Amino acid sequence: MAVTSQEAIQQLAALMEQVDELLKVTFKNMHQGYPTATLVRFLKAREWSVSKAHKMLMDCLNWRIQNHIDDILCTPIIPADLYRGIRDSQLVGLSGYTKEGLPVFALGVGLSTFDKASVNYYVQSHIQINEYRDRVILPAATKKYGRHIGKCVKVLDMTGLRLSALSHLKILTMISTIDDLNYPEKTQTYYVVNSPYVFTACWKVVKPLLQERTRKKVQVLHGCGKDELLKIMDYASLPHFCKSERNGSSSRVSSAGAGDCYSLDHPFHQQLYSYIKNNAPNQGYALLPKQGSLHVDVPTGDTEGTKITGMMQSKLHLIGDDSKLASSLSVLHVDVV
């Protein structure tokens, strides 16, 4: 007999009542006062199968305990110059909020180089942003707007995306796996802007592989997407790369401007970094080595993200072969539509 969504929630909630106290503590850090909404996220991620959602949630809670995720906002990446290098090469930031109060995260997919630190640092930084979003940004938005806000929107800038992205697929797969298995259903919509040919070709391959609920979340916008994005957010909340039309293969315009939400000098990153440093135990922080990343185990699983990155890798190899041929002929011209 089919189980209704309400019955599924009740069954999963009953199972969570049976877990040990340690798991309950980390679950409380996850749900931030909204346990039912958290259960719904995991149920949606597993197509409302209670048994699969329960396993996913238990795996997530155990991952959090084993990797001390509850304490990750007490572990600053030091020295500050190292963290600045990470921010300059892992382009992500909070540009503002939608008219409904959802945080707007900007990601420089095409121009991120991931070449200023080890993989562990980038994974640590990514999880810290996730946790800061869930424990600080979303609760603050909930309080401000007087209703539960548990999701964000993401604007993905594909400017500069090239075949060199192949070298980044390993770390992108790791980050995608962490998000798929431990932070499901946290993004309401993905807006893709400034798309060059490389992305357009990959998207044609990837789109049919996505689950319908994921496919509906992705909107590929024309150009910088400003006109469409202004329907859901004010101009001040637009990511800097959406405020003027740019070529999809352009380089990063500025890394120091006050409006560049990627920069460590942006208020979001200043507040995040200060929050982590202030939460670090005084003695422990003083004794931390000048360099040394927090190692976090990446969970294993055949997730939607790993399938997508695998297909992208195959497609990028094909595009690379085609591009070499095109270069030798010097006659190929592709218009992005």
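**Close-up views of a predicted protein model**

**Figure 1. Pro 79 occupies the loop between helix H4 (50-66) and helix H5.** The structure shown in this and the following views is a predicted model. Ile 78 and Pro 79 are joined by a cis peptide bond, and its omega angle is about 0 degrees. Ala 80 is part of helix H5, which runs through residues 80-89. Ala 80 counts as partly exposed because its relative accessibility is 39%, a value between the limits of 20% and 50%. Apart from neighbours within four places in sequence, Ala 80 contacts Leu 264 and Tyr 273. Along the chain, Ala 80 and Tyr 273 are 193 residues apart, yet their C-alpha atoms are separated by 9.1 Å.

**Figure 2. The largest nonpolar core of the model contains 32 residues.** Which residues have the most contacts inside this core? They are Trp 63, Ile 69, Ile 127, Phe 268 and Leu 272. At least two residues of the core come from each of helix H5, strand E1 (92-97), helix H6 (119-145), helix H7 (169-182) and helix H11 (267-279). Helix H6 supplies the largest share, with 7 residues. Ile 127 touches Trp 63, Ile 69, Ile 72, Ile 178, Tyr 183 and Val 296, when residues up to four places away in sequence are not counted.

**Figure 3. Helices H6 and H7 pass each other in a right-handed crossing.** Two packed helices are described by the angle between their axes and the distance between the axes. Here the axes of H6 and H7 come within 10 Å and cross at roughly 30 degrees. On the H6 side, the contact is formed by Val 119, Tyr 122, Val 123, His 126, Ile 127 and Asn 130. On the H7 side, Ile 171, Met 174, Ile 175, Ile 178 and Asp 179 take part. How many residues of the contact are nonpolar, polar and charged? There are 8 nonpolar residues, 2 polar residues and 1 charged residue. An α-helix has 3.6 residues a turn, so residues three or four places apart point the same way.

**Figure 4. Asn 182 belongs to helix H7.** Is Asn 182 buried or exposed? Asn 182 is buried, because its relative accessible area is 3%, and buried means under 20%. Leaving aside neighbours within four places in sequence, Asn 182 is in contact with Phe 42, Cys 60, Trp 63 and Pro 299. Trp 63 is also among the residues with the most contacts inside the largest nonpolar core.

**Figure 5. Glu 185 has a positive phi angle although it is not a glycine.** The phi of Glu 185 is about 55 degrees. Glu 185 lies in the loop that connects H7 with strand E4 (187-193). Because its relative accessible area is 10%, Glu 185 counts as buried.

**Figure 6. Asn 194 is found in the loop between strand E4 and helix H8 (197-206).** Asn 194 is not a glycine, yet it has a positive phi of about 55 degrees. Because its relative accessible area is 2%, Asn 194 counts as buried. Helix H8, on the other side of this loop, is mostly covered, with 7 of its 10 residues buried. Which residues of H8 are buried? They are Val 198, Phe 199, Thr 200, Ala 201, Cys 202, Trp 203 and Val 206.

**Figure 7. The view of the cysteines shows a structure that holds 0 disulfides.** A disulfide is a covalent bond between the sulfur atoms of two cysteines. Cys 224 is in no disulfide; its nearest cysteine sulfur belongs to Cys 242 and is 5.8 Å away. A disulfide requires two cysteine sulfur atoms within 2.5 Å, so the distance of 5.8 Å does not qualify. Cys 224 is buried, with a relative accessible area of 1%. Cys 152 is likewise buried, because its relative accessibility is 0%.

**Figure 8. The whole protein contains 13 helices and 5 strands.** Of its 337 residues, 47% are buried. Contacts between residues at least 6 apart in sequence include many that span long stretches of the chain: 80% of them join residues at least 24 apart. The contact between Ala 80 and Tyr 273 is one example of a link across the chain, since these residues are 193 residues apart.

Note on methods: Residues numbered from 1 in each chain as written. Predicted model: local features only at pLDDT ≥ 70, side-chain atom pairs only at ≥ 80, totals over all residues. Heavy atoms only, no water. Core = buried A, V, L, I, M, F, W, Y, C linked by side-chain atoms within 4.5 Å. Buried < 20%, exposed > 50% of the residue type's maximum accessible area, 1.4 Å probe, protein only. Helix = DSSP H or I, 4+ residues; strand = E, 2+ residues; numbered from the N terminus. Contact = heavy atoms within 4.5 Å. Axes fitted to C-alpha atoms, helices over the stretch in contact; angles between N-to-C directions. Left-handed = near helix turned anticlockwise from the far one by under 90°. Nonpolar A, V, L, I, M, F, W, Y, C, P; charged D, E, K, R; others polar.
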